[in-house]
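Open the model in your viewer and keep the selection tool at hand. Each stop below tells you what to pick and what is there.

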Amino acid sequence: MRGTHEHSRFTVIMGGPDKPGHDERAGRLGLASDPFRVKDDEAVNFIRAGRPGEETKTMDDAGQDIRRAARERAYHIPIEEIEVADDELFRTDTHWPYFERLRREDPVHHSVHPEHGPYWSITKYNDILAIDSNHQDFSSERAITIADPADDFQTPMFIAMDPPKHDAQRKTVSPALSPANLQNMEPLIRQRAGDILDSLPIGETFDWVDKVSIELTTMTLATLFDFPFEDRRKLTRWSDVITAPEGAPGFGNEEERRAELFECVGYFTNLWNQRINAEPKGDLISMMAHSEATRHMDQMEFLGNLILLIVGGNDTTRNTMTGSVLALNQNPDQYKKLMENPAILPSMVSETIRWQTPLAHMRRTAMRDVEFGGKSIKEGDKVVMWYVSGNRDEEVIANPNAYIIDRERPRQHVSFGFGIHRCVGNRLAELQLRVIWEEIMKRFPDIRVMAEPTRVASSFIKGYETLPVMIPARN
Ligand code: HEM
C-alpha cells in the first residue's frame with residue numbers, strides 16, 4: 001500500500017481519503033510553500049496563550065496567512081472544483097470556508113475524490129438529519145467513510161451494518177453505557193481524573209493530549225472492557241495503529257500494521273475465552289461472549305467490533321478533552337464565564353462537542369434512486385454527511401462559528417449523529433468531560449496553551465496529535 005501515495009491507515013479499516021504530497025498541498029492551499037509542514041521532532045510555530053480575563057489574541061502568522069489564502073481560494077474556484085474530503089484541509093484547519101460556500105451555494109454537492117471516486121456532500125443541518133434518519137434508503141452496510149474497505153481486509157462492525165443485525169449487536173453492548181452503569185462508573189472516573197491532574201507538572205510545558213486526554217479515556221476504556229489495567233496503553237497503541245497515517249514515524253508498513261491488529265484480536269480472544277467460560281458480567285467482552293447476537297462472530301468481525309469500540313470510545317472523547325482546553329484559551333471571555341459560574345459546565349461540554357465535532361463525517365450508500373435537495377442521487381452512490389458543516393449551519397444555529405458555552409440549546413448539534421446509529425456512548429463522553437473539568441476547576445484556575453496544536457491529518461477523525469500547555473505556578 002505504501003509508495004506513490006501517503007495512504008491513511010484508517011482508509012483500510014473504516015475508510016478515509018488519501019493524502020497528497022506537500023507541494024501539491026501548498027498549491028491547493030493557494031501558497032507557494034506549505035507553512036504547516038512539520039518536520040519530525042519539530043514543534044509547530046509558536047502561537048499565543050489565552051488567559052481568563054485577557055482580551056487580546058494573537059495567532060502565528062503562518063496560520064493566519066494560510067487561513068486567509070484558503071478563504072480566498074474557497075470563494076474563487078469554480079464550485080464544481082470544491083472537494084472537501086481532503087485530509088490536508090483538516091490538518092491545516094482550513095476546511096471552514098469551503099463548507100460555508102457549499103452550504104450557501106450547493107448544499108448537496110457532487111465531487112470526485114482522486115482515489116475514492118464520486119460522492120455527494122451533504123452540508124446542511126436539516127439535510128443531515130433527513131439522510132441519517134432514513135436508513136432504508138441510505139445504508140451503512142458498505143462503509144461509513146468515503147473509502148471502501150480493502151477487499152482482503154474486511155472487518156465488519158455494527159456501526160457499518162443495517163437492521164436487523166445492527167440492532168441486535170448494538171443492544172448487546174448498550175447496557176454497559178446505560179445511565180445506571182455510568183452512575184456506578186462516575187466515582188472511579190473522578191478518582192482517576194484527580195490522580196492524573198495531581199501528577200501534572202506545574203510551571204513547565206507538557207503535552208495535554210498525552211498526559212491527560214489519552215490517559216483518562218484509555219483508563220475508562222480499560223474499565224469498559226475489564227482489560228488488564230497495566231496493559232492499558234496497548235489500547236492506545238492499537239487505536240493509533242488504526243488511525244495513524246501511513247508513513248507516520250513509529251508505525252510500520254501495511255503488513256506490520258495488520259500484524260499488530262492480529263495481535264490485538266489475539267489478546268482479546270484470550271479475554272473472550274476466559275469470560276465465555278465464566279458467569280456473565282457487565283464488561284463489553286463478557287457481554288459479547290454471552291449474547292446470541294455476537295457470540296458467533298468470526299475473528300474479523302470480532303476485530304471490527306473491537307476497532308469500533310476502541311476508536312469510538314477513545315479518540316472522540318480524547319479529542320474533545322483537548323479541544324476544550326484549546327477552545328477556552330481561544331475564547332478567554334468564555335473561560336472567565338466558566339470559572340465564575342461552574343454550573344454552566346454541562347452546557348460547556350455540549351458546546352465543546354459541537355465546536356470540536358470529533359467525527360467530521362459519516363457516509364451512507366444510496367439503496368435506490370432518490371431525488372434529494374434538487375439533485376438526482378443514484379442507487380449505489382456514496383452520500384457523505386458532513387457533521388462538521390451541519391454544526392456550523394447558520395440557518396439552524398445562531399452565530400455558529402462562535403464558541404458560546406451558555407447557549408440556549410447546547411445539545412442541538414449533530415456530533416453524535418442521528419437515527420438508529422446515534423452514538424451509543426454519548427452519555428459516557430459527556431460524563432468524562434464534565435468530571436475532568438469539575439476536577440480541573442477544584443485545582444487550577446488557569447491552563448495555558450503554549451503553542452498551536454498539531455492536528456490529525458484526516459477528514460474523518462477531527463482531532464489533535466499534541467497540545468502543549470502549561471499550568472502556571474501560584475504564588
Ligand atoms: C465526544 C465523543 C463522541 C462522539 C462525538 C461520537 C460520535 C459518534 C458518531 C457520529 C456516531 C455515528 C452516528 C451515526 O451514524 O448517526 C457514533 C456511533 C458510535 N459510538 Fe460514538 N462518539 C463519541 C463517544 C463514544 C464513546 C465514549 C463510546 C463508547 C464506547 C462510543 C461508541 C460508539 C458506538 C459503539 C457507535 C456505533 C453505534 C451504532 O452504530 O448504533 N462513542 N459515535
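Start with H109, which stands opposite S121 in strand 2. The model you are viewing is predicted: local features need pLDDT of at least 70, side-chain atom pairs count only at pLDDT 80 or more, and totals for chains, interfaces and linings use all residues. Residues are numbered from 1 along each chain as its sequence is written.

**Stop 1: the hairpin**

Select residues 108-113 and 117-122. These are strand 1 and strand 2, paired in the antiparallel sense over 6 bridges. Two strands pair if DSSP finds at least two bridges between them. Helices (H or I, at least four residues) and strands (E, at least two) are DSSP runs, numbered from the N terminus. Strand 1 and strand 2 form a hairpin, with 3 residues between them. Now pick V108: its bridge partner in strand 2 is I122.

**Stop 2: the sheet around the hairpin**

Widen the view. An open sheet of 5 strands runs in the order 1-2-8-5-3, with mixed pairing. Strand 1 and strand 3 (138-139) are at the edges with a single partner strand each, so one side of each has no neighbour in the sheet. Add helix 6 (residues 125-132), which packs on the sheet. Helix 6 touches strand 1, strand 2, strand 3, strand 5 (361-366) and strand 8. Its direction makes about 130 degrees with that of strand 8. Such angles run from 0 to 180 degrees between N-to-C directions; axes are lines fitted to C-alpha atoms, for helices over the stretch in contact.

**Stop 3: G380**

Go to the loop between strand 7 (375-377) and strand 8 (382-386), and select G380. Is G380 buried or exposed? G380 counts as exposed because it has 11 C-beta neighbours inside 10 Å. The scale: buried is 20 or more other C-beta atoms within 10 Å of the residue's own, exposed is 12 or fewer, and partly exposed is in between, with C-beta atoms placed from the backbone. Leaving aside neighbours within four places in sequence, G380 is in contact with T365 and A366. Contact takes C-beta atoms, placed from the backbone, within 7 Å. Measure to D369 as well: the C-alpha atoms of G380 and D369 are 8.4 Å apart, with the two positions 11 residues apart in sequence numbering.

**Stop 4: a second sheet**

Select strand 4 (205-207) and strand 9 (448-449), the edge strands, each pairing on one side only. They belong to an open sheet of 3 strands, order 4-12-9, with antiparallel pairing. Strand 4 pairs with strand 12 (residues 468-470) over 3 bridges. Within that pair, F206 has V469 as its bridge partner. Helix 9 (residues 208-225) lies across strand 4 and strand 12, at about 45 degrees to strand 4.

**Stop 5: two packed helices**

Show helix 10 (residues 233-243) with helix 13. Their axes are 10 Å apart, at an angle of about 100 degrees. The two helices are therefore roughly perpendicular, a label for angles of 65 to 115 degrees. On helix 10, pick L235, W238, S239, I242 and T243; they meet I307, I310, V311, N314 and D315 in helix 13.

**Stop 6: the ligand**

Keep helix 13 (299-330) and add helix 17 (426-443): each supplies at least two residues of the shell around the ligand. Which helix gives the most? Helix 13 does, with 7 residues. Of the 28 residues around the ligand, G312, G313, G417, C423 and G425 come nearest.

Definitions and conventions:
Two residues are in contact if their C-beta atoms, placed from the backbone, lie within 7 Å. A residue is near a molecule or strand if its C-beta atom, placed from the backbone, lies within 6 Å of it. Angles under 35 degrees count as roughly parallel, over 145 as roughly antiparallel, 65 to 115 as roughly perpendicular and the rest as oblique.
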